[in-house]
Amino acid sequence: MMLARAVEVTRRYGDTLALDRVSLDIAPGELVGLLGPNGAGKSTLLSLLTGVRSPSAGRVELLGGDPRRPASRRRLGVTPQETGLPASLRVGEVVDFVRAHYPDPMSRDEVLARFGLADLVRRQTGGLSGGEKRRVAVALAFAGRPEIVFLDEPTTGLDVEARRSLWDGIREFHTGGGTVVLTSHYLEEIEALAQRVVVIGNGRVRADDTVSAVRGLVSVRRVSLTSAVPMPALPGLSATDREGDRWHLLTPDSDRLVRDIVAAGVPFTDLEVRPTSLEEAFLTLTDRTSTDTPEESCLLSS
Ligand SMILES: Nc1ncnc2c1ncn2[C@@H]1O[C@H](COP(=O)(O)OP(=O)(O)OP(=O)(O)O)[C@@H](O)[C@H]1O
């Protein structure tokens, strides 16, 4: 049985198409990273899988049933992107408050120790730093001893040490058999935790593969040069953008592309090669799951 599942799910907000026919299966014991730029639809997908919102079309299942069923929700842990903690309560009290909602929670000490928060137990949450609040918010997702946890950008705003301590807590849960789905803008973060990466862009699944396969897909370089001559169709050229005589060429193999340009006799000046951002790399990912026509796919890279 899949622990969570989206089947051809579409979600609209008014005229905005946030998710467009997304299908995803999360098996027990997986640690899956959802990777995508701002506005890709990651949070929307989490909100559907956790029953906070309903799809406009398609179907979602959590723990074998409707995500809104209280019986399923008791086996679920969630930390959304934005959370509020009651400012006048102490960290230990907040943990106890959340634990009290579950039939077989972790002990207060276990929750705090797993996420390196034991020193904060008596502190009022209103006086915590942003990073400390975030760590408490993430730890709370685990308090009810859930089977599956959804974390929306769990380490945003954390320094390196806090991030590592949080990763350790997530890994420990996973090693104990727990299932985790987390979103991130950074492949490095997903690489540190997950084996499987689902790349979301413009509301669609662009890739669903191992971390190393996705790294290959998004390791794209941008070759820029000035030339009055049109670029010939060269192998390994994933996308082309032109501003007057300035060309920006995206390619997985910049050495080869430059050699090919020289071999083709294209005159140029001001050659520049640099790594791309994830957003740029996404433009080169073809839509493997859709039935889009080639013309529509080209629009993605224009
Ligand atoms: N409540 C809402 N009302 C209207 N539009 C929304 C709402 N929530 C999300 N959207 C839109 O849906 C699209 C997907 O947003 P979503 O928050 O799911 O993306 P995301 O991948 O989580 O982005 P980020 O990385 O910035 O958190 C965006 O265009 C966003 O503006």
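**Figure 1. The buried face of helix H9 in the predicted model.** Helix H9 spans residues 254–263. Its buried residues are Ser254, Leu257, Val258, Asp260 and Ile261. Viewed down the helix axis, these residues fall within an arc of 160 degrees, so they line one face of H9. What lies over them? The cover includes strand E10 (221–226), strand E12 (246–251) and strand E13 (269–275). The face turned away from the buried side carries Asp255, Arg259, Val262 and Ala263, which are exposed.

**Figure 2. The two ends of H9.** Aspartate 253 caps the N-terminal end of the helix. One of its side-chain oxygens lies 3.4 Å from the backbone nitrogen of aspartate 255. After H9 comes glycine 265. The phi of glycine 265 is positive, near 75 degrees.

**Figure 3. Aspartate 260, a buried residue of H9.** Aspartate 260 sits in helix H9. Is this residue buried or exposed? Its relative accessible area is 19%, and the cut-off for buried is under 20%, so aspartate 260 counts as buried. Leaving aside residues up to four places away in sequence, aspartate 260 touches Leu234 and Pro235.

**Figure 4. The largest nonpolar core.** This core holds 41 residues. Which of them touch the most other members? They are Phe142, Leu151, Ile170, Val197 and Val214. Helix H6 (residues 160–175) gives the most to this core, with five residues. A second, separate core has 25 residues, among them Leu3, Ala40, Leu45 and Leu62. In soluble globular proteins, nonpolar side chains tend to be buried together.

**Figure 5. The surroundings of leucine 151.** Leucine 151 is one of the residues that touch the most other members of the largest core. Its contacts are Leu46, Thr79, Val138, Ala141, Phe142, Ile170, Val180, Val181, Leu182 and Thr183. Residues up to four places away in sequence are not counted here. Phe142 and Ile170 appear among these contacts.

**Figure 6. The shell around the ligand.** The ligand has 15 residues around it. Gly39, Lys42, Ser43, Thr44 and His185 come nearest. Strand E2 (16–26) and helix H1 (42–49) each supply at least two residues of the shell. Which element gives the most? H1 does, with three residues.

**Figure 7. Backbone contacts to ligand oxygen.** A ligand oxygen atom is 2.8 Å from a polar backbone atom of glycine 39. For alanine 40, the distance from a ligand oxygen to a polar backbone atom is 3.0 Å. For glycine 41, the corresponding distance is 2.8 Å. On its own, the ligand has 640 Å² of accessible area, and the protein covers 65% of this. Alanine 40 is also included in the second core.

**Figure 8. Positive phi at arginine 21 and aspartate 270.** Most residues other than glycine have a negative phi. Arginine 21 is not a glycine, yet its phi is positive, about 55 degrees. Arginine 21 lies in strand E2. With 33% relative accessibility, arginine 21 counts as partly exposed. Aspartate 270 also has a positive phi, near 55 degrees. Aspartate 270 is found in strand E13. Its relative accessible area is 56%, so aspartate 270 is exposed. Strand E13 is included in the cover over the buried residues of H9.

Note on methods
Residues numbered from 1 in each chain as written. Predicted model: local features only at pLDDT ≥ 70, side-chain atom pairs only at ≥ 80, totals over all residues. Heavy atoms only, no water. Buried < 20%, exposed > 50% of the residue type's maximum accessible area, 1.4 Å probe, protein only. Helix = DSSP H or I, 4+ residues; strand = E, 2+ residues; numbered from the N terminus. Arc of directions from axis to C-beta. Contact = heavy atoms within 4.5 Å. Polar contact = N/O pair within 3.5 Å; in protein donor to acceptor, adjacent residues only side chain to side chain. Core = buried A, V, L, I, M, F, W, Y, C linked by side-chain atoms within 4.5 Å. Near = heavy atom within 4 Å. Areas by Shrake-Rupley, 256 points an atom, 1.4 Å probe, with all protein chains shown as cover.
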